[in-house]
Amino acid sequence: MSPLKAGDKAPQFSLPDQDGEPIKLSDFKGQRVLVYFYPKAMTPGCTTQACGLRDVMDELKNANVEVLGISTDAPEKLSRFVEKEMLNFTLLSDIDHQVAEQFGVWGEKQFMGKIYDGIHRISFLINPQGEIEHVFNKFKTSDHHQVVLDYLNQH
């Protein structure tokens with residue numbers, strides 16, 4: 001597994017959102033987009049991470065940053081996640097993990113002694129020109145939003 005790096009061109013993609021509507025990265029041309037990959041909707045860590053972003057959405061919008069969360073969950077599950085946690089950003093369904101593979105975040109993981117393939121929790125800030133501006137891969141689910149804001153406040 002080798003995640004994309006700052007300076008790389010972001011892969012163009014189109015995925016269904018929580019309502020089954022197709023969303024393309026190119027829909028956000030001219031804006032910064034935080035594309036964050038997370039393993040599974042409705043799990044404790046992913047809920048903490050999503051709620052952190054939800055709670056700082058005003059600050060992210062002020063920095064002209066859109067948020068797209070991507071997991072391999074089906075749109076129906078994403079819809080329940082958005083409703084349950086009152087999320088104020090778009091979640092995308094990458095069921096066959098094609099986009100996760102393009103970003104280099106699909107790979108071997110270990111959980112409770114089992115080894116399996118899955119999404120690694122990595123976020124990419126994409127600049128208005130469609131290039132990866134920054135990669136966030138060192139954070140806890142509880143401080144992900146703060147790590148992102150700290151970066152935005154410095155750049």
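Two strands count as paired here if DSSP finds at least two bridges between them. Keep that in mind as you click around, and remember that this is a predicted model.

**Stop 1: the sheet**

Start by showing the strands. Five of them make an open sheet, and going across you meet β5, β4, β3, β8 and β9, in that order, with mixed pairing. Color residues 90–93 and 132–136: these are the edge strands β5 and β9, each with a pairing partner on one side only. Look along the sheet and you can follow its twist, which averages 20 degrees from one strand to the next.

**Stop 2: strand β3**

Now select residues 32–37, which make up β3. Is this strand enclosed or open? Six of its six residues are buried, so β3 is largely enclosed by the rest of the structure. Turn on the side chains: Arg32, Leu34 and Tyr36 point one way, while Val33, Val35 and Phe37 point the other way. Arg32 is buried along with the others in that list.

Next, check both neighbors of β3. With β4 the pairing is parallel and runs over six bridges; to find your place, pick Arg32 and look across to Val65 in β4, which stands opposite. With β8 the sense is antiparallel, over four bridges. Pick Tyr36 on this side, and its bridge partner in β8 is Ser123.

**Stop 3: out to the edge**

Move on to β8, residues 123–126, and its pairing with β9, which is antiparallel over four bridges. A handy pair to click here is Ile126 and, opposite it in β9, Ile132.

Then bring in helix α3, residues 75–85, which packs on the sheet and touches β4 (65–71) and β5. Draw the two directions and you'll find that of α3 at about 160 degrees to that of β5.

**Stop 4: the loop between β4 and α3**

Two residues in this loop are worth selecting one after the other. Take Asp73 first; you'll find it in the loop between β4 and α3. Is Asp73 buried or exposed? Its relative accessibility is 6%, so Asp73 counts as buried. Show its side chain together with that of Ser71 and you'll see a polar contact of 2.8 Å joining the two. Leaving aside neighbours within four places in sequence, Asp73 is in contact with Tyr38, Lys40, Ala41, Leu78, Ser93, Asp94 and Ile95.

Thr72 is in the loop between β4 and α3 too. Its relative accessible area is 26%, so Thr72 is partly exposed. Setting aside neighbours within four places in sequence, its contacts are Pro39, Asp94, Ile95, His97, Trp106 and Ile119. For a distance to draw in the viewer, try the C-alpha atoms of Thr72 and Ala100: they are 8.7 Å apart, although these positions lie 28 residues apart along the chain count.

**Stop 5: the aromatic pairs**

Select the aromatic rings. There are eight aromatic pairs in the structure. One of them is Tyr38 with Phe81, a tilted pair at 6.3 Å centre to centre, with 45 degrees between the planes. This pair links distant parts of the chain, 43 residues apart: Tyr38 is in the loop between β3 and α1 (44–55), and Phe81 is in helix α3. Tyr38 and Phe81 are both buried.

Now go to Phe103 and Phe124. How are these rings placed? Their centres are 5.0 Å apart and their planes are at 50 degrees, so the pair is tilted. Here, too, distant parts of the chain are linked, with Phe103 in helix α4 (residues 98–103) and Phe124 in strand β8, 21 residues apart. Phe103 and Phe124 are buried. Add Phe13 and Phe37 to the selection, and you have one aromatic cluster made of Phe13, Phe37, Phe103 and Phe124.

**Stop 6: the cysteines**

Last stop: look for disulfides. How many does the structure hold? Zero. Select Cys46, and you'll find that the nearest cysteine sulfur, that of Cys51, is 11 Å away. Why is there no bond from Cys51? The sulfur of Cys51 is 11 Å from the closest cysteine sulfur, in Cys46, and that is too far for a bond. As for accessibility, Cys46 is buried, with a relative accessible area of 1%, and Cys51 is buried as well, at 12%.

Key:
Residues numbered from 1 in each chain as written. Predicted model: local features only at pLDDT ≥ 70, side-chain atom pairs only at ≥ 80, totals over all residues. Heavy atoms only, no water. Axes fitted to C-alpha atoms, helices over the stretch in contact; angles between N-to-C directions. Contact = heavy atoms within 4.5 Å. Disulfide = S-S within 2.5 Å. Buried < 20%, exposed > 50% of the residue type's maximum accessible area, 1.4 Å probe, protein only. Polar contact = N/O pair within 3.5 Å; in protein donor to acceptor, adjacent residues only side chain to side chain. Phe/Tyr/Trp six-rings, centres within 6.5 Å; stacked < 30°, edge-to-face > 60°.
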